[in-house]
Amino acid sequence: MSEVRRVRVPIDGRSYDVLVGYGAAELLGTLLPVTAKRAAIVTQADVPVQISANIPHETFQIGIGEQYKSLETIGELCRSFARMGLTRNDVVIGVGGGMVTDVAGFAAASYHRGVPVVHVATTLLGMVDAAIGGKTGVNLPEGKNLVGAFWQPSGVVCDLDALDTLPDREIRCGYGEMAKYHFLTGDDLLALDLTARVARCVQIKAEIVASDERESGRRAILNYGHTLAHAIETATEHRYAHGEAVAIGLIFAAHLANVLGRIPVERVDQHFAVVGEEYALGVDLPAGVDPNQLLDLMRRDKKALDGLTFVLDGPHGVESVTGVDDGSVLDALSRMAS
Ligand SMILES: NC(=O)c1ccc[n+]([C@@H]2O[C@H](COP(=O)([O-])OP(=O)(O)OC[C@H]3O[C@@H](n4cnc5c(N)ncnc54)[C@H](O)[C@@H]3O)[C@@H](O)[C@H]2O)c1
């Protein structure tokens with residue numbers, strides 16, 4: 001095992017460690033609550049990651065695809081936990097990407113009104129984002145992530161060996177979220193190797209979550225690049241995956257900040273250098289999508305409580321900006337097209 005980094009998520013009374021590195025899964029046992037006599041492992045059939053919990057356990061597979069991120073799946077899991085006699089002292093272990101950790105986390109938050117959960121993130125997106133911070137939940141036919149709970153894990157493993165089997169497109173989606181972190185602090189993530197970079201992303205998210213666990217303010221900056229991303233996902237009927245759309249959303253956010261006089265053009269160029277060059281992600285708007293449709297979709301963004309709202313870079317760093325005018329948004333979109 002090469003060096004494993006330990007990042008602390010400092011949440012009042014419920015702090016926990018995230019282990020990052022090649023072979024980190026070997027240390028899973030050190031994250032399990034000492035009270036746990038049994039584990040319920042939640043995973044998916046196509047997640048080729050084996051873990052050893054070192055305590056008696058049963059494994060439950062959930063379906064593959066967002067349609068299984070549902071209340072029905074939560075019901076089935078909780079019934080399985082009951083049949084195996086899982087108690088409040090035991091532990092749920094989610095082994096998979098964000099879909100698994102969101103579902104396993106919400107089942108753990110609900111069963112017996114809350115049992116400990118440990119996440120083994122197996123996608124890059126899961127490692128730098130979904131497994132960290134305690135947001136859990138499922139979709140309804142009416143919309144994504146509409147039912148859930150804040151339920152912090154007892155620990156998280158980010159074993160980079162898991163990335164060996166991850167399809168290229170899933171790696172790119174992880175890069176989309178990873179690129180976002182380059183702009184949330186002033187430090188140079190490009191100078192870091194993968195272990196250090198993932199650990200730094202975890203640390204940045206941990207620090208933001210600790211300052212605003214329930215997203216009443218600052219945590220919103222984690223949505224940098226996401227307002228246009230959600231609109232693109234909807235406008236393209238999800239032909240663009242989330243991370244791919246975030247990559248485009250980051251470039252748009254930079255243009256918009258420039259249109260509004262918040263950042264110079266050199267900072268826009270830095271966004272290109274990270275997103276388009278370092279991570280080699282697509283940065284163009286999807287062909288054939290009408291800018292007015294995107295504007296309309298962004299106006300309906302569930303996080304837009306006060307007119308058109310964006311998370312934008314600026315002289316004080318990345319922050320939420322409300323009341324942005326239509327003309328500036330359309331101007332920024334047209335700069336993307338050129
Ligand atoms: N809770 C949060 O804060 C948060 C943040 C971002 C995203 N999310 C959620 O995360 C989900 C997306 O997560 P994701 O991008 O990790 O996708 P995912 O969990 O759907 O995984 C993508 C695919 O890769 C497979 N897979 C996972 N690990 C693998 C591995 N090591 N090798 C080969 N295949 C593997 C999965 O089975 C799946 O088919 C969405 O549901 C989203 O809403 C949650």
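**Group meeting: a walk through a two-domain model**

Okay, let's start with overall dimensions. For 338 residues, a compact globule ought to have a radius of gyration near 20 Å, and the protein chain comes out at 20 Å, so the two agree. Keep in mind that this is a predicted model. If you box in the C-alpha atoms along the principal axes, you get roughly 60 × 45 × 35 Å. In secondary structure, we have ten helices and eleven strands in the protein chain. As for burial, 46% of the 338 residues count as buried. And if you take the contacts between residues at least 6 apart in sequence, 67% of them join residues at least 24 apart.

Now, the domains. The chain splits into domain 1, residues 5-211, and domain 2, residues 224-337. Their C-alpha centres sit 28 Å apart. Where they meet, 14 residues of domain 1 are in contact with 16 residues of domain 2. Which helix gives the most to the domain 1 side? That's α4, with nine residues. By class, that side of domain 1 has seven nonpolar, three polar and four charged residues.

On to the ligand. How many residues surround the ligand? There are 28, and the closest are Gly97, Gly98, Met99, Thr123 and Ala130. The elements that put two or more residues into this shell are α2 (98-110), α3 (124-130) and α4 (168-181). So α4 turns up in the ligand shell, and we just met α4 on the side of domain 1 that touches domain 2. The shell residues divide into eleven nonpolar, ten polar and seven charged.

Let me zoom in on helix α5, residues 194-211. Its 18 residues, at 1.5 Å a residue, should span 26 Å, and the end C-alpha atoms are indeed 26 Å apart, so that agrees. Plenty to list on the buried side: Val198, Ala199, Arg200, Cys201, Val202, Ile204, Lys205, Ala206, Ile208 and Val209. Notice that Arg200 and Lys205 are in that list. What do the buried residues of α5 pack against? The partners are β1 (5-9), β2 (16-21), α3, β9 (155-159) and α4. As a reminder on helices in general, there are 3.6 residues a turn, so residues three or four places apart point the same way.

Another spot to look at is Thr73, in helix α1, residues 71-84. Is Thr73 buried or exposed? Thr73 has 21 C-beta neighbours inside 10 Å, so it counts as buried. Leaving aside neighbours within four places in sequence, Thr73 is in contact with Ile62, Gly63, Tyr68, Val103 and Val138. There's also Ala107, which is 34 residues from Thr73 in sequence, with the two C-alpha atoms 8.8 Å apart in space.

Last item, backbone angles. Asn54 has a phi near 60°, which is positive, and Asn54 is not a glycine. Where is Asn54? In the loop between β3 (39-44) and β4 (57-62). With 11 other C-beta atoms within 10 Å, Asn54 is exposed. His238 has a positive phi too, near 65°, again in a residue other than glycine. You'll find His238 in the loop between α6 (226-235) and α7 (242-259). His238 has 12 C-beta neighbours inside 10 Å and so counts as exposed.

That's my tour; over to you for questions.

Definitions and conventions
Residues are numbered from 1 along each chain as its sequence is written. This is a predicted model: local features need pLDDT of at least 70, side-chain atom pairs count only at pLDDT 80 or more; totals for chains, interfaces and linings use all residues. Helices (H or I, at least four residues) and strands (E, at least two) are DSSP runs, numbered from the N terminus. The radius of gyration is taken over C-alpha atoms; the globule rule is 2.2 Å times the number of residues to the power 0.38. A residue is buried if 20 or more other C-beta atoms lie within 10 Å of its own, exposed if 12 or fewer, and partly exposed in between; C-beta atoms are placed from the backbone. Two residues are in contact if their C-beta atoms, placed from the backbone, lie within 7 Å. A residue is near a molecule or strand if its C-beta atom, placed from the backbone, lies within 6 Å of it. Ala, Val, Leu, Ile, Met, Phe, Trp, Tyr, Cys and Pro count as nonpolar, Asp, Glu, Lys and Arg as charged, and the others, Gly among them, as polar. Domain bounds come from an automatic or database domain assignment. The expected span of a helix is 1.5 Å times one less than its number of residues.
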